[in-house]
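Let's take a walk through this protein, one piece at a time. Have the viewer open and follow along.

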Amino acid sequence: MSTDRDDPSAPASHTGSRPRPGSEGDGAGPGGAVAGSGHGGFVPGQHAEAVAPPPLPPEQRARLDAAFAAVLARGVHGLCFSPYLEGQQPGAQIGAAQIRERLAVIRPHTRWIRSFSCTDGHEQTPAIAKAMGLKTLVGAWLGTDREINAREIAGAIEVARAGHADIVAVGNEVLLREDLSEDELVATIEHVRQALPGVPVGYVDAYFLFEKHPRVTAACDVVMTNCYPFWEGCPREQALPYMQTMLAKTRKAAPGKRVLISETGWPDRGSAFHGAVPGHEAAMQYFVDSIEWAERDGIEIFWFAAFDEAWKVGAEGDVGAYWGLWDKDANAKFGR
């Protein structure tokens, strides 16, 4: 889920996760899901106290390590990709060498990468990824600064016209942050679609906003839904069925559309959020559960995220820096 931008001159070009508005304490989940209506056993809006599970016994932990390693070795559909190094954050100029180095780490383990910006050097990511044989979901970051938005859109169009974008995402959680009006967003999506005939174009947001904004949904070739059971306080044991209901709500709002999960994940460190508890084993199990389900059911899913990002601790609380499969130094975190 997206970070807010305190500095409008610096595009927050990578998402993360934060609590959803209306997702706690009101007896209803986002999108008006009424408590008790049944969401894989989890009742949105009514959060249990967080209880950290005990560590798995050695034999169970060994099985989880093996399952995680097997899933990662097969390769996931997609990974959300940020090339930031220690000390960098949105607004920093990103060089091709570090993009290439970070992509080389994840290339054996994914078929797609998702990028979030087409300015400040991030516009180089799709071409480098394509040269490595990866498919690309190319994002243009939209916020409150119209001048930055124009540069992002121009960059995304240029990238796609060069043949480096398999899908273009026009904005990420713009409606959730209320950075643009629905009219502005629809006009921008339609502008990009007209500029890129033959390239699928869509929009990314929290799952419940596609039913609230049918004009936005209708404007998309591809509907891209961010699904975070963690940020709705869902215990890890119920997270997969709850995430499946998030996808089902999006599909119901977008009949006949191509729908993909553009973000889901689980932090391995930090503070609990209601009944959702970060943890090494919890993150591994949610990854295994989610990816194996996606493989069985043919779901296009992008895991958030490839790498930890240290800068997010301030923006997203103490869990913000710990959503990656690899740490901030590109070392593998799990299944070892």
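Start with helix α9, residues 239–253, since a helix is an easy thing to check with a ruler. At 1.5 Å a residue, its 15 residues should span 21 Å, and because the C-alpha atoms at its ends sit 21 Å apart, the expected and computed lengths agree. Keep in mind as you go that this is a predicted model.

Which residues of α9 are buried? They are A239, L240, Y242, M243, T245, M246, L247 and T250. And what lies over them? The cover includes helix α7 (209–212), strand β8 (222–226), strand β9 (258–264), helix α10 and strand β10 (301–303).

Now zoom out for a moment. The protein has 11 helices and 10 strands. It runs to 336 residues, and buried ones make up 57% of them. If you take the contacts between residues at least 6 apart in sequence, 70% join residues at least 24 apart.

With that in mind, look at the inside. The largest nonpolar core holds 102 residues, and L103, V168 and F287 touch the most other members. Helix α10, residues 280–297, gives the most to this core, with nine residues. V168 is a good one to click on: leaving aside neighbours within four places in sequence, V168 is in contact with V138, A156, A160, V192, L196, V199, P200, V201, G202 and M224.

L196 turns up again if you move to I157. You'll find I157 in helix α4, residues 146–161. Is I157 buried or exposed? Its relative accessible area is 10%, so I157 is buried. Not counting residues up to four places away in sequence, I157 touches H191, A195 and L196. Try a distance from I157 to C118 as well: the two are 39 residues apart in sequence, yet their C-alpha atoms are 9.2 Å apart in space.

Next, the empty space. Rolling a probe the size of a water molecule over the atoms shows where such space is left. The largest pocket has a volume of about 430 Å³. It is lined by 21 residues, of which A52, P53, P54, E237 and A282 are the closest to its centre. Helix α10 comes up again here, giving the largest share of the lining, four residues. By type, the lining of this pocket divides into 13 nonpolar, four polar and four charged residues.

How many cavities of 30 Å³ or more does a search of the whole structure find? It finds two. The largest cavity encloses about 40 Å³. Around it you'll see Y84, L85, E86, Q88, D308, E309, A310, W311 and K328, a lining made up of four nonpolar, one polar and four charged residues.

The second largest cavity has a volume of about 30 Å³. Its lining consists of R114, S115, F116, G139, A140, W141, G171 and N172. Strands β5 (135–140) and β6 (167–172) each supply at least two of these residues. The lining here splits into three nonpolar, four polar and one charged.

Finally, a few backbone details for anyone who likes to check torsions. Most residues other than glycine have a negative phi, and most peptide bonds are trans. Against that background, look at the bond that joins F304 and A305: it is a cis peptide bond, with omega at about 15°. A305 lies in the loop between β10 and helix α11 (312–316).

Two residues are worth a look for their phi. E178 has a positive phi, near 60°, and is not a glycine. E178 is in the loop between helix α5 (174–177) and helix α6 (182–195). Its relative accessibility is 68%, and the cut-off for exposed is over 50%, so E178 counts as exposed.

A330 also has a positive phi, near 70°, in a residue other than glycine. You'll find A330 in the segment after α11. Why is A330 called partly exposed? Buried means under 20% relative accessible area, and A330 has 21%, so it is partly exposed.

Notes. Residues are numbered from 1 along each chain as its sequence is written. This is a predicted model: local features need pLDDT of at least 70, side-chain atom pairs count only at pLDDT 80 or more; totals for chains, interfaces and linings use all residues. Side-chain values use heavy atoms; hydrogens and water are left out. A nonpolar core is a set of buried Ala, Val, Leu, Ile, Met, Phe, Trp, Tyr and Cys residues joined through side-chain atoms within 4.5 Å. Buried means under 20% relative accessible area, exposed over 50%, partly exposed in between (1.4 Å probe, protein chains only). Helices (H or I, at least four residues) and strands (E, at least two) are DSSP runs, numbered from the N terminus. Contact means heavy atoms within 4.5 Å. On a 1 Å grid over the protein atoms alone, a cavity is a set of points where a 1.4 Å probe fits but cannot get out, and a pocket is an open set with protein on both sides within 12 Å along at least five of seven lines; lining residues have an atom within 4 Å of a point. Grid points are joined across faces, edges and corners, and a volume is the space filled by probe spheres set on the points. Ala, Val, Leu, Ile, Met, Phe, Trp, Tyr, Cys and Pro count as nonpolar, Asp, Glu, Lys and Arg as charged, and the others, Gly among them, as polar. The expected span of a helix is 1.5 Å times one less than its number of residues.
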